[in-house]
Amino acid sequence: MADQLIPRRELEFQLYEVLDTEALCQHERFSEHSKEIFNATMDTAEKLAEDLFLPHNAKADIHEPTFDGKKVTMLDDVKRAFDHYREAGFIAGHFDFEDGGMQLPDTVMKACAGYFLAANPSTTAYPFLTAAAANVIKHFASEQIQSQFLPRMLTGDFTGTMALTEPHAGSALTDIRTTARPAEDGSYRLKGSKLYISAGEHELSDNIVHLVLAKIPGGPPGVKGISLFVVPKYRLDENGEPAQRNDVTLAGLVHKMGYRGTTSTALTFGENDDCHGYIVGEPHQGLRYMFMMMNEARIGVGYGAAMIGYRGYRYSLEYAKDRTQGRAAPNLAQEDPPSPIIQHGDVKRMLLAQKAYCEGGMALCLYGTRLIDSITTAASEEEKTELSQLLDLLTPVFKAWPSEFGPKANDLAIQVLGGAGYTREYPVEQCWRDNRLNPIHEGTNGIQALDLLGRKLWQADGQGLKTLMKFVMADIKRAETTKTQKLVEGLTPYLDALEKAITQSAAELRSEKAPTLLTNASCFLNLFSSCVVSWIWLRQAILADKALTERELTDDDKAFYEGKMAAANYFIFWELPLTERDIRVLKTQDETCNNVQADFF
């Protein structure tokens with residue numbers, strides 16, 4: 001079917017009308033670029049995604065990687081796609097020219113990433129993890145480590161992973177047991193096990209560079225004693241080439257419900273007491289360094305969820321236009337021809353919900369990425385600090401909200417296809433299975449709720465929240481027409497309820513009611529996120545309404561902007577009111593979940 005991925009019109013609206021990404025070219029860092037270069041980069045991404053990533057998505061799902069006890073084998077299509085991706089320079093896309101990168105804005109690279117994530121999230125994981133690991137090495141590792149690994153990672157000759165989770169400790173990193181003992185040569189010897197390490201073993205590259213969290217004996221307890229290490233699959237010889245196999249052993253592959261084309265591994269470090277690792281930065285600062293990769297990954301997880309949701313939405317939209325069944329009013333006579341199911345009211349509802357979820361999630365995460373570019377190009381330290389605090393505040397939302405609603409969109413896509421959606425002959429069931437990982441990894445959504453309510457909201461004396469509300473109120477003032485004022489009227493009561501919930505939470509966190517409040521943190525996250533996404537839709541609606549009233553438009557452009565208005569109305573008047581439950585739970589300090597005991601179940 002046509003338009004399975006992302007219509008260019010949508011990306012251009014987000015990049016150039018909503019986010020004014022072209023304005024970045026006025027800054028020195030991006031002065032060698034232009035809108036034409038941005039578009040050409042997206043052209044390349046779209047072609048690679050459609051020609052090399054999309055065709056083997058279903059095939060890699062069926063023929064997942066295998067391990068024969070010696071090596072991992074996967075489809076040749078995966079390596080072919082990976083090689084074309086790295087040769088096109090996408091791994092190094094946002095890195096500096098001096099590092100061999102293209103020095104493109106993160107926002108443009110995120111837009112390009114959308115094509116790959118929609119086409120084939122499993123194969124896309126390999127270069128994405130590599131770029132994220134390379135970013136940590138670039139910012140925190142010594143010049144020696146950088147010179148040994150960074151150039152080869154940016155070309156894709158080496159790939160990267162992050163190894164955090166252990167069999168007994170998932171999100172509770174304070175409980176990790178992997179150790180790193182200093183050796184006489186200045187390196188360390190690691191010993192321990194890691195589980196669910198994506199891309200932890202494969203034959204796509206000459207080397208795999210693991211970023212491993214471990215504790216140096218004698219260090220501080222808990223998370224304060226965690227350090228970060230570069231642990232390569234192969235140690236490098238004096239010429240910087242992969243040589244002796246390091247003591248990193250693949251214990252086995254994990255077989256997943258979705259994302260089957262990405263190896264998920266159980267790794268053992270130091271089984272023979274000879275696992276060489278190289279410390280990144282200072283001892284006991286590993287979690288701080290790794291959080292850079294994790295926070296980058298959290299926006300990527302949310303964006304990926306929106307894109308997989310979008311793939312299902314586009315497919316179900318085309319299906320609904322083609323599939324005929326029953327008759328829609330007013331053409332209900334038996335002699336009338338069957339109607340395309342898109343003419344049925346409930347199908348319209350399901351398609352509009354998908355559009356609101358996926359385009360809302362896409363716009364949300366692109367806004368977050370644009371914040372990163374704005375921080376990079378900030379005119380003053382004050383502006384940089386303000387935007388950094390806003391980015392930090394919203395990161396739990398960037399991760400959690402799209403990863404909650406992307407799978408919901410995929411669920412609706414299955415429903416639109418009916419019985420066909422439940423079969424493997426159509427792609428929407430795989431989209432749902434792939435997307436179901438996103439509420440779990442890079443910090444479950446429950447952890448994001450605790451992070452937002454227990455920490456992020458109050459950092460820097462709440463400066464991030466103050467900045468957010470400043471931007472929200474500025475956009476509310478921009479809503480001058482009858483249509484956009486109607487949206488403001490729908491949003492305002494929930495902003496007021498959110499303000500009251502924040503004030504109440506500030507007091508409860510310092511009282512004996514804190515356990516109940518934190519138990520109900522997901523309610524706060526849902527209310528907060530729904531208000532933020534409503535604002536994101538208001539921003540789009542203001543621009544759409546302006547175009548509809550002030551510009552001469554083609555029929556296609558008019559339909560595009562009317563679609564934006566419809567989705568904004570749907571979200572604010574259908575989805576946002578569903579937070580009434582969350583408002584009630586927070587206001588009444590409902591103790592149902594907090595008080596339930598294990599033996600009640």
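Leaving aside its neighbours within four places in sequence, which residues is Asp77 in contact with? The first legend answers this for the predicted model.

**View 1. Asp77 in helix α4 and its contacts.** In this predicted model, Asp77 belongs to helix α4, which spans residues 76–87. Beyond neighbours within four places in sequence, Asp77 is in contact with His56 and Lys59. With Lys59 there is a polar contact between side chains, at 3.4 Å. Asp77 has a relative accessibility of 17% and therefore counts as buried, the cut-off being under 20%.

**View 2. His210 in strand β6.** Strand β6 covers residues 207–215 and includes His210. The relative accessible area of His210 is 1%, so this residue is buried. Its side chain makes a polar contact of 2.9 Å with the side chain of Thr161. Thr161 also appears among the residues in contact with His210 when neighbours within four places in sequence are left aside. The others in that list are Gly200, Phe229, Val230, Val231, Lys233, Val248, Leu267 and Phe269.

**View 3. Helix α5 against helix α6.** Helix α5 runs over residues 106–119 and helix α6 over residues 121–140. Their axes come within 6 Å and cross at roughly 135°. This crossing makes α5 oblique to α6, because angles over 145 degrees would be needed for roughly antiparallel and 65 to 115 for roughly perpendicular. On the α5 side, the contact is made by Ala113, Phe116, Leu117 and Ala119. On the α6 side, Pro121, Thr124 and Phe128 take part. Sorted by class, the contact of α5 with α6 has 6 nonpolar residues, 1 polar residue and no charged residues.

**View 4. The largest nonpolar core, with Phe524.** This core has 153 residues, and those with the most contacts inside it are Leu468, Phe524 and Phe528. Helix α16, residues 521–550, supplies the largest share of the core, 18 residues. Apart from this core lies another one, of 30 residues, including Leu154, Leu173, Ile226 and Leu236. For Phe524, contacts outside its neighbours within four places in sequence are with Leu452, Leu453, Leu457, Leu498, Ala501, Ile502, Ser505 and Leu586.

Key
Residues are numbered from 1 along each chain as its sequence is written. This is a predicted model: local features need pLDDT of at least 70, side-chain atom pairs count only at pLDDT 80 or more; totals for chains, interfaces and linings use all residues. Side-chain values use heavy atoms; hydrogens and water are left out. Helices (H or I, at least four residues) and strands (E, at least two) are DSSP runs, numbered from the N terminus. Buried means under 20% relative accessible area, exposed over 50%, partly exposed in between (1.4 Å probe, protein chains only). A polar contact is a pair of N or O atoms within 3.5 Å; within protein, one must be able to donate a hydrogen and the other to accept it, and residues adjacent in sequence count only if both atoms are side-chain atoms. Contact means heavy atoms within 4.5 Å. A nonpolar core is a set of buried Ala, Val, Leu, Ile, Met, Phe, Trp, Tyr and Cys residues joined through side-chain atoms within 4.5 Å. Axes are lines fitted to C-alpha atoms, for helices over the stretch in contact, and angles run from 0 to 180 degrees between N-to-C directions. Angles under 35 degrees count as roughly parallel, over 145 as roughly antiparallel, 65 to 115 as roughly perpendicular and the rest as oblique. Ala, Val, Leu, Ile, Met, Phe, Trp, Tyr, Cys and Pro count as nonpolar, Asp, Glu, Lys and Arg as charged, and the others, Gly among them, as polar.
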